[in-house]
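Subject: Structure handover

Hello,

Here is the structure I promised you. Please open it first, then read the notes underneath.

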Amino acid sequence: MNQYSTARTVWSKAGVSGAALGLVSGAFLFLGHAANSIGAPAAAISVSFVLWLVKFIGCILLMRYFMKKFCAGYPAATNRDSFRFGMATAVLSALIYSAIYLADILFVSADLFETQMAEAISTYSPMLDSNSLAMLEKMEGSYPQISFFSNLIYCFLFGTVLSAILSRDIPSRDPFSNTEK
């Protein structure tokens, strides 16, 4: 890479890309909540699946777009630089999405999650002994932290694998050229 593409530049560009990916994923989180409020359960499941599929494909295409845009801005960028940019984007996107999800659990839809946890406890309480039931009730208070870190790890790993796959062809190189990168 040329002199202008330092680690600071990579993180700066990745910050913008990660923010966009995180906010798009966060928007789909709230669209999913709206889809669940549809009266018919089959329709709600169908709409939720379509939204998940659009989000999944959209995030892949957005990551590809941002990686191509980064490499277009730095013609000397290698596949390794593209991977590093994608990984930085994945970290920042995962952090933003996990923060949005945590805010949703704690503030926006707190009553929904409390209701779901109460239903789960009442459903499984006949099958659990008193120790397991007590542990499940204890875990209820830790659920926001558990969900934050599990989302953070999952999104980071997904973004890293996606970056590794996409960086193989970004930037595309002529295999018959004499230049070695």
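Leucine 166 counts as buried because its relative accessibility is 13%, and the cut-off for buried is under 20%. Please keep in mind that this is a predicted model. Leucine 166 sits in helix α5. Leaving out residues up to four places away in sequence, Leu166 touches Ile60, Met63, Arg64 and Met67. Phenylalanine 83 is 83 residues away from leucine 166 in sequence, yet their C-alpha atoms are 7.9 Å apart in space.

Core residues

Leu166 also belongs to the largest nonpolar core, which has 17 residues. Which members of that core touch the most others? They are Met63, Met67, Phe70, Phe85 and Leu166. Four helices each supply at least two residues of this core: α1 (7–36), α2 (41–73), α3 (79–108) and α5 (130–167). Helix α2 gives the most, with six residues. A second core lies apart from this one. It has eight residues, including Ala94, Tyr97, Ile100 and Cys155.

Record annotation

The UniProt entry is unreviewed. It places the feature "transmembrane region" at residues 12–32, 38–62, 83–103 and 146–166. I have figures for two of these spans. Residues 12–32 are 100% helix and 0% strand in the model, and the end C-alpha atoms are 30 Å apart. Residues 146–166 are likewise 100% helix and 0% strand. Their end C-alpha atoms lie 30 Å apart. Leu166, the buried residue from the start of this message, is at the end of that annotated span.

Largest pocket

The largest pocket has a volume of about 380 Å³. It is lined by 17 residues, and those closest to its centre are Ser25, Lys55, Cys59, Cys155 and Phe158. Helices α1, α2, α3 and α5 are the elements that give two or more residues to this lining. Which element gives the most? Helix α5 does, with six residues. By type, the lining of the largest pocket divides into twelve nonpolar, four polar and one charged residue. Cys155 is worth a look, as a residue that is listed close to the centre of this pocket and also among the members of the eight-residue core.

Second largest pocket

The second largest pocket holds about 310 Å³ of space. Its lining has 14 residues. Nearest its centre lie Phe28, Leu29, Gly32, His33 and Asn36. Helices α1, α2, α3 and α4 (110–124) each supply at least two lining residues. The largest share, five residues, comes from α1. The lining of the second largest pocket divides into eight nonpolar, five polar and one charged residue.

Two asparagines

Asn36 lines the second largest pocket and is part of helix α1. Is asparagine 36 buried or exposed? Asparagine 36 counts as exposed because its relative accessibility is 51%, and the cut-off for exposed is over 50%. Not counting residues up to four places away in sequence, Asn36 touches Ala44 and Ser48. Serine 130 is 94 residues from asparagine 36 along the chain, and their C-alpha atoms are separated by 33 Å.

Asparagine 151 is in helix α5. Asparagine 151 is buried, with a relative accessible area of 14%. Not counting residues up to four places away in sequence, Asn151 touches Tyr97, Ser98 and Tyr101. One of these contacts, Tyr97, is also among the members of the eight-residue core.

Tyrosine 65

Tyrosine 65 lies in helix α2. How accessible is it, and what is its relative accessible area? Tyrosine 65 is partly exposed, at 47%. That value falls between the cut-offs of 20% for buried and 50% for exposed. The C-alpha atoms of tyrosine 65 and serine 17 are separated by 9.5 Å, while the two residues are 48 residues apart along the chain.

Best wishes

Definitions and conventions. Residues are numbered from 1 along each chain as its sequence is written. This is a predicted model: local features need pLDDT of at least 70, side-chain atom pairs count only at pLDDT 80 or more; totals for chains, interfaces and linings use all residues. Side-chain values use heavy atoms; hydrogens and water are left out. UniProt positions are given in the numbering used here, feature names are shortened, and annotations may be inferred rather than shown by experiment. A nonpolar core is a set of buried Ala, Val, Leu, Ile, Met, Phe, Trp, Tyr and Cys residues joined through side-chain atoms within 4.5 Å. Buried means under 20% relative accessible area, exposed over 50%, partly exposed in between (1.4 Å probe, protein chains only). Contact means heavy atoms within 4.5 Å. On a 1 Å grid over the protein atoms alone, a cavity is a set of points where a 1.4 Å probe fits but cannot get out, and a pocket is an open set with protein on both sides within 12 Å along at least five of seven lines; lining residues have an atom within 4 Å of a point. Grid points are joined across faces, edges and corners, and a volume is the space filled by probe spheres set on the points. Ala, Val, Leu, Ile, Met, Phe, Trp, Tyr, Cys and Pro count as nonpolar, Asp, Glu, Lys and Arg as charged, and the others, Gly among them, as polar.
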